[in-house]
Amino acid sequence: MAMFDLSLDKLREYRPEVAAPADLVDFWRRSIEKARTDDLSASFTLIDNKLALIDTYDVTYSGFGGTPVKGWLHLPAGATGPLPTVVQYHGYSGGRGFPHATTLWAQAGYAHFVMDTRGQSYGAGGLDATPDDTPYAGLNHTPGFMTAGITDPETYYYRRVFIDAVRALDAVKTSPLVDPDKLIVTGGSQGGGISIAAAGLAPIAGIELLGCAPDVPFLCHFERALQITDKDPYGEITRYLKGFRQDVDAALRTLSYFDGVNLGRLATAPTLFSVALMDATCPPSTVFAAYNHYGATGSEQKDIEVYQYNNHEGGQTYQQLAQLDWFAQIFGAATK
């Protein structure tokens with residue numbers, strides 16, 4: 001894939017007008033308050049993960065609509081806490097997978113919570129996947145998750161996922177192994193989009209985050225993405241609208257409630273983004289739109305790692321190295 005988007009100089013200045021709905025904050029405040037009427041019911045059960053240096057707890061908590069959401073909480077073996085904690089959300093089709101599969105941040109000495117993604121997880125395998133246990137999941141949509149309930153923000157799939165992400169923060173804060181004042185959210189692709197959403201919704205939910213680290217994030221600047229790429233998962237939306245022509249305005253209105261540009265503006269935590277300039281799945285202009293608007297209401301610190309000759313794989317281990325340094329800096333500053 002050649003470079004197909006704006007030049008890097010133009011990307012760094014790219015601040016498109018992405019209209020936010022007038023009731024954006026009210027919509028999400030109401031969604032969070034409604035979710036919190038369900039008992040959180042967070043449970044943590046130590047399991048045998050087959051690893052000598054990592055302890056793992058099987059986690060269940062109540063997400064959107066009371067759906068039990070699964071997760072893993074990993075820690076350095078024998079740790080008693082409370083530890084600085086990294087909360088990780090997964091890319092499209094991903095989920096918590098097997099307990100031995102994703103433990104990097106615990107290896108670095110932190111508590112590491114891995115949230116399952118409702119209705120997905122088929123790309124990760126593993127045990128006890130979280131269902132999308134709601135009647136809204138059955139609404140007309142193209143194969144995949146991008147268009148499930150897309151004509152109304154109340155029924156859209158990512159309303160459930162983003163609330164699950166906020167409830168994950170509520171859940172981990174109840175564990176004595178977790179320092180509730182030292183939380184960072186992160187994730188790649190869809191997980192990056194979810195981490196931006198979590199950072200934007202955290203102030204509404206009364207949760208303070210120390211940082212947000214979205215890696216080649218998805219779910220940002222939807223209208224731009226639909227114009228310049230036909231790659232999935234954005235392609236799911238164009239296929240839906242190709243058939244349901246009458247739903248264009250309703251769908252775009254719905255997406256504005258979930259756009260990383262609009263939700264990122266609400267965030268106040270420092271951030272470390274990454275972007276790949278040959279990324280046809282999450283085009284660089286969509287990532288820079290979210291990055292450049294991120295924290296518009298706060299005094300956050302932010303930075304972005306740029307991978308010029310990479311597609312959607314982004315920086316991979318290079319980005320993990322950057323994150324290891326950044327997390328150590330953020331958590332270290334919080335202890336002073």
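Modeller: A residue is called buried when its relative accessible area is under 20%, exposed when that area is over 50%, and partly exposed in between. The model discussed here is predicted.

Biologist: Is Thr-229 buried or exposed?

Modeller: Thr-229 sits in the loop between H6 and H7. Outside its neighbours within four places in sequence, Thr-229 is in contact with Tyr-234, Ala-280 and Pro-283. Its relative accessible area is 7%, and the limit for a buried residue is under 20%. Thr-229 is therefore buried.

Biologist: How many Å separate Thr-229 and Cys-282 in space, C-alpha to C-alpha?

Modeller: Along the sequence, Thr-229 and Cys-282 are 53 residues apart. In space, their C-alpha atoms are separated by 8.4 Å.

Biologist: How many disulfides does a search of the whole structure find?

Modeller: A disulfide is a covalent bond between the sulfur atoms of two cysteines. The cut-off applied here is a sulfur pair within 2.5 Å. For Cys-220, the nearest cysteine sulfur is that of Cys-282, 7.6 Å away, and Cys-220 is in no disulfide. The number found in the whole structure is 0.

Biologist: Does Cys-282 count as buried or exposed?

Modeller: Cys-282 is likewise in no disulfide, the nearest cysteine sulfur being that of Cys-220. Cys-220 has 0% relative accessibility and so counts as buried. With 1% relative accessibility, Cys-282 also falls under the 20% limit, and therefore counts as buried.

Biologist: Which helix gives the most to the largest nonpolar core?

Modeller: In soluble globular proteins, nonpolar side chains tend to be buried together. In this model the largest nonpolar core has 85 residues, of which Trp-28, Tyr-158 and Phe-162 touch the most other members. The greatest contribution to this core is 11 residues, spanning part of residues 157–172, from helix H4.

Biologist: Which residues does Phe-162 contact, leaving aside its neighbours within four places in sequence?

Modeller: Phe-162 is among the residues that touch the most other members of the largest nonpolar core. Its contacts beyond the neighbours within four places in sequence are Trp-28, Gly-193, Ile-194, Ala-197, Leu-201, Leu-219, Phe-258 and Leu-263.

Biologist: How many residues are in the second, separate core?

Modeller: This core is separate from the largest one. Its members include Ile-184, Leu-272, Trp-326 and Phe-327, and its residues number 11.

Biologist: Which residues are closest to the centre of the largest pocket?

Modeller: The largest pocket holds about 510 Å³ of space. Its lining has 23 residues, and strand E4, helix H3, strand E6 and helix H11 each supply at least two of them. By class, the lining divides into 5 nonpolar, 16 polar and 2 charged residues. Closest to the centre are Gln-88, Gly-187, Gly-188, Asp-215 and Gln-320.

Biologist: Which element gives the most to the lining of the second largest pocket?

Modeller: The second largest pocket has a volume of about 170 Å³. Its lining includes Glu-17, His-221, Leu-252 and Asp-259, and divides into 5 nonpolar, 2 polar and 3 charged residues. The greatest contribution, 3 residues, comes from H8.

Biologist: What is omega for the cis peptide bond that joins Gly-81 and Pro-82?

Modeller: Pro-82 is placed in the loop between strand E3 and E4. Another cis bond runs from Asp-232 to Pro-233, with omega near 5 degrees, and Pro-233 lies in the loop between H6 and helix H7. For Gly-81 and Pro-82, omega is about -5 degrees.

Biologist: What is phi of Val-216?

Modeller: Val-216 is found in the loop between strand E7 and H6, and counts as buried at 4% relative accessibility. Ser-189, in the loop between E6 and helix H5, has a positive phi of about 60 degrees although it is not a glycine. Val-216 also has a positive phi in a residue other than glycine, near 35 degrees.

Biologist: Does Lys-182 count as buried or exposed?

Modeller: Lys-182 belongs to strand E6. Not counting residues up to four places away in sequence, Lys-182 touches Pro-84, Thr-85, Leu-210, Phe-331, Ala-334 and Thr-335. Its relative accessibility is 15%, under the 20% limit, so Lys-182 counts as buried.

Conventions
Residues are numbered from 1 along each chain as its sequence is written. This is a predicted model: local features need pLDDT of at least 70, side-chain atom pairs count only at pLDDT 80 or more; totals for chains, interfaces and linings use all residues. Side-chain values use heavy atoms; hydrogens and water are left out. On a 1 Å grid over the protein atoms alone, a cavity is a set of points where a 1.4 Å probe fits but cannot get out, and a pocket is an open set with protein on both sides within 12 Å along at least five of seven lines; lining residues have an atom within 4 Å of a point. Grid points are joined across faces, edges and corners, and a volume is the space filled by probe spheres set on the points. Helices (H or I, at least four residues) and strands (E, at least two) are DSSP runs, numbered from the N terminus. Ala, Val, Leu, Ile, Met, Phe, Trp, Tyr, Cys and Pro count as nonpolar, Asp, Glu, Lys and Arg as charged, and the others, Gly among them, as polar. Buried means under 20% relative accessible area, exposed over 50%, partly exposed in between (1.4 Å probe, protein chains only). A nonpolar core is a set of buried Ala, Val, Leu, Ile, Met, Phe, Trp, Tyr and Cys residues joined through side-chain atoms within 4.5 Å. Contact means heavy atoms within 4.5 Å.
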